[in-house]
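Reader: Hello! I have just opened this structure, and I would like to understand the words people use for its parts. Could you walk me through it?

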Amino acid sequence: MLCRLAAAALLAYTIFIILFYLLTGEQLHLRQSRGDLELPPSDSGTVELVAGSTVEQSFSVTIQRLERVEVQWGTYYRPNTGTVLMELLDLRDGSVLLSGSFDAAAITEGGLTTLAADKPIEGLYQVPLLLRITSPDGQPGSAASPLMNTQDEVEKGTLVLNGVPSSGMLCFAVHGTDYIWTGLHYWAFAVAGELLLLAGLGVIWLRLHQGKHSYVVNAVVAIQKYRFLIRQLVSRDFKTKYKRSVLGMFWSLLNPLLTMFVQYFVFSTIFKSDIPNYPAYLLIGIVTFNFFTEASGMALSSIVGNASLITKVYMPKYIYPLTRVMSSVVNLGISLIPLVLVSLVTGVQFKKSAILSLFFFCCVIIFSLGVGLLLSAAMVFFRDTQFLWGVLSMIWMYMTPIFYPESILPEDFRFILRVNPMYHFLKDIRLCILNGISPEPSVYVQCMLMALGALLIGALVFRKSQDRFVLYL
């Protein structure tokens with residue numbers, strides 16, 4: 001048994017690390033730089049960029065691979081003529097790193113001109129740089145003006161207008177990417193993980209050889225032994241949910257769709273939500289959170305609801321909340337069908353990273369099982385748990401950006417998102433499906449640790465209290 005378990009674990013791990021490498025693509029090695037300079041709000045113009053005028057902004061960045069520089073313009077709400085020249089220079093030797101010319105007639109009020117590199121420029125981390133803007137043919141009365149912010153200044157930088165230093169900073173932005181250290185050493189981490197897995201299996205074998213118990217092996221053996229009963233319980237729970245229903249399991253398709261239509265009408269029409277691809281954004285939130293509340297809610301009553309069976313037939317008690325969560329997983333699988341259909345209809349371009357969303361769905365399942373074990377144990381001793389959980393789950397729903405963007409929360413309340421595991425799962429599922437990119441490698445570890453942490457806490461509480469269940473049923 002242990003040999004088959006070890007072989008299956010090693011094979012699953014090997015398949016996972018290979019698929020993960022193939023699916024994550026560039027996001028495994030690169031991320032949007034945390035040193036990006038964001039566009040400051042404008043409150044003034046610099047100078048009218050006529051022939052001979054010069055606007056220079058010195059600065060430095062903590063970007064490993066610089067990709068583009070953007071400048072914001074004012075046009076005085078008039079048509080302008082002439083040519084605008086932008087250059088990015090390395091102040092160490094005066095070399096020109098980027099240069100480009102732009103037609104002033106194409107510049108709009110508050111619009112941006114972008115100086116983009118053909119390929120990312122490396123080696124500019126904390127290097128002094130200069131952004132120079134000139135015009136060879138701008139005429140008074142028909143020349144555009146780069147905008148500035150008079151309240152802020154660039155750290156270790158100076159704004160110079162026509163050779164005169166000025167207080168404030170140019171309204172410009174710098175963007176690039178950074179290398180991800182864990183991604184650059186991915187295969188070393190993969191081998192280290194396999195060695196840890198082998199070490200864990202070795203510890204389990206040693207404990208069994210010494211006649212000691214292993215909870216992992218015992219759980220696997222129990223699931224294998226009672227697999228027929230588990231299938232029956234899952235089937236019973238799923239059928240009971242739709243008993244005497246005309247549409248039956250089709251409600252698993254209709255429920256998220258109907259909820260989405262109502263919320264889409266309310267938040268896109270009445271409250272004017274401007275979230276890109278809002279129907280898919282909304283449905284992902286509905287499907288994911290509905291599964292969590294359904295799985296944890298069904299697991300909550302799993303011990304109390306099977307009291308007659310528990311007192312008559314021996315079976316590991318954790319099987320009961322497990323089967324409730326498994327029946328909800330079946331419902332989740334059905335609910336993913338309308339999610340895929342709505343995404344296709346609304347123009348979501350599915351990329352290979354969408355497959356990675358299954359990892360975060362698995363994290364939600366593990367997290368829900370952990371919460372379900374905790375709630376099912378609490379329900380035996382304190383029957384008011386079901387009512388408290390109804391209130392708490394509603395509060396949890398509103399604390400999670402299901403139908404609203406996280407950006408509407410004030411900064412003072414952002415900590416709510418940081419401590420909310422469901423927010424992290426949901427955000428990463430949307431990132432994989434809607435944005436078509438993979439999160440950073442550390443995000444996968446973070447989400448799995450949150451899911452396993454909930455499962456560990458729930459399992460420990462359940463195991464410590466399960467011997468006293470029969471006294472309160």
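**Why the words fit**

Author: Gladly! Let us start with one residue: Arg132 has a relative accessible area of 25%, so it is partly exposed. Please keep in mind that this is a predicted model.

Reader: What makes Arg132 partly exposed?

Author: Buried means under 20% and exposed means over 50%, with partly exposed in between. At 25%, Arg132 falls between those limits and is therefore partly exposed.

Reader: Which partner does Arg132 have in a salt bridge, and how do you know that the name applies?

Author: The partner is Glu87, with the closest N and O atoms 3.9 Å apart. A salt bridge asks for a side-chain nitrogen of Lys or Arg within 4 Å of a carboxyl oxygen of Asp or Glu, so 3.9 Å qualifies. Glu87 has a relative accessibility of 26%, so Glu87 is partly exposed as well.

Reader: What does the pair of Arg132 and Glu87 tie together?

Author: Arg132 belongs to strand E8 and Glu87 to strand E5, so the pair links parts that lie 45 residues apart in sequence.

Reader: Why is strand E8 called largely enclosed?

Author: Strand E8 covers residues 129-134, and 5 of its 6 residues are buried, so the rest of the structure largely encloses this strand.

Reader: How do you know that E8 pairs with E3 and E5?

Author: Two strands pair if there are at least two bridges between them. Strand E3 (residues 54-59) and E8 have 6 bridges in the antiparallel sense, and 6 bridges also join E5 to E8, again antiparallel. Both counts meet the requirement, so both are pairs. You can look for the individual partners: Gln57 is bridged to Leu131 in E8, Leu89 has Leu130 in E8 as its bridge partner, and Leu85 stands opposite Thr134 in E8.

Reader: Which order do the strands of the sheet follow?

Author: The order is E6-E5-E8-E3-E10-E11, an open sheet of 6 strands with antiparallel pairing.

Reader: What makes E6 and E11 edge strands?

Author: Strand E6 (95-103) and E11 each have a single partner strand, so one side of each has no neighbour in the sheet. On average, neighbouring strands of this sheet are turned by 20 degrees against each other, direction ignored.

Reader: How many salt bridges are there by the rule you used?

Author: The count comes to 8 salt bridges. One of them joins the side chains of Asp90 and Arg92, at 2.8 Å from N to O. That distance is within 4 Å, so the name fits.

Reader: Are Asp90 and Arg92 buried or exposed?

Author: Asp90 has a relative accessibility of 3%, which is under 20%, so Asp90 is buried. Arg92 has 55%, which is over 50%, so Arg92 is exposed.

Reader: What salt bridge does Glu70 form?

Author: Glu70 forms a salt bridge with Arg68, and their closest N and O atoms are 3.4 Å apart. At 14% relative accessibility Glu70 counts as buried, while Arg68, at 27%, counts as partly exposed.

Reader: Why are helices H11 and H12 called roughly antiparallel?

Author: Helix H11 (residues 357-381) and helix H12 (residues 385-398) pack at an angle of about 150 degrees, with their axes 10 Å apart. Angles over 145 degrees count as roughly antiparallel, so the description suits H11 and H12.

Reader: Which residues meet where H11 and H12 pack?

Author: Phe367, Val371, Leu375, Ala378 and Met379 in H11 meet Thr385, Gln386, Trp389 and Trp396 in H12. The residues of this contact divide into 7 nonpolar, 2 polar and no charged.

Reader: What makes the phi of Tyr76 worth a look?

Author: Most residues other than glycine have a negative phi. Tyr76 is not glycine, yet its phi is positive, near 60 degrees. Tyr76 sits in the loop between strand E4 (65-74) and strand E5 (83-90), and at 43% relative accessibility Tyr76 counts as partly exposed.

Reader: What is the phi of Asn162, and where does Asn162 lie?

Author: The phi of Asn162 is near 50 degrees, a positive value in a residue other than glycine. Asn162 lies in the loop between strand E10 (159-161) and strand E11 (164-166). With 39% relative accessibility, Asn162 is partly exposed.

Notes:
Residues are numbered from 1 along each chain as its sequence is written. This is a predicted model: local features need pLDDT of at least 70, side-chain atom pairs count only at pLDDT 80 or more; totals for chains, interfaces and linings use all residues. Side-chain values use heavy atoms; hydrogens and water are left out. Helices (H or I, at least four residues) and strands (E, at least two) are DSSP runs, numbered from the N terminus. Buried means under 20% relative accessible area, exposed over 50%, partly exposed in between (1.4 Å probe, protein chains only). Axes are lines fitted to C-alpha atoms, for helices over the stretch in contact, and angles run from 0 to 180 degrees between N-to-C directions. Angles under 35 degrees count as roughly parallel, over 145 as roughly antiparallel, 65 to 115 as roughly perpendicular and the rest as oblique. Contact means heavy atoms within 4.5 Å. Ala, Val, Leu, Ile, Met, Phe, Trp, Tyr, Cys and Pro count as nonpolar, Asp, Glu, Lys and Arg as charged, and the others, Gly among them, as polar.
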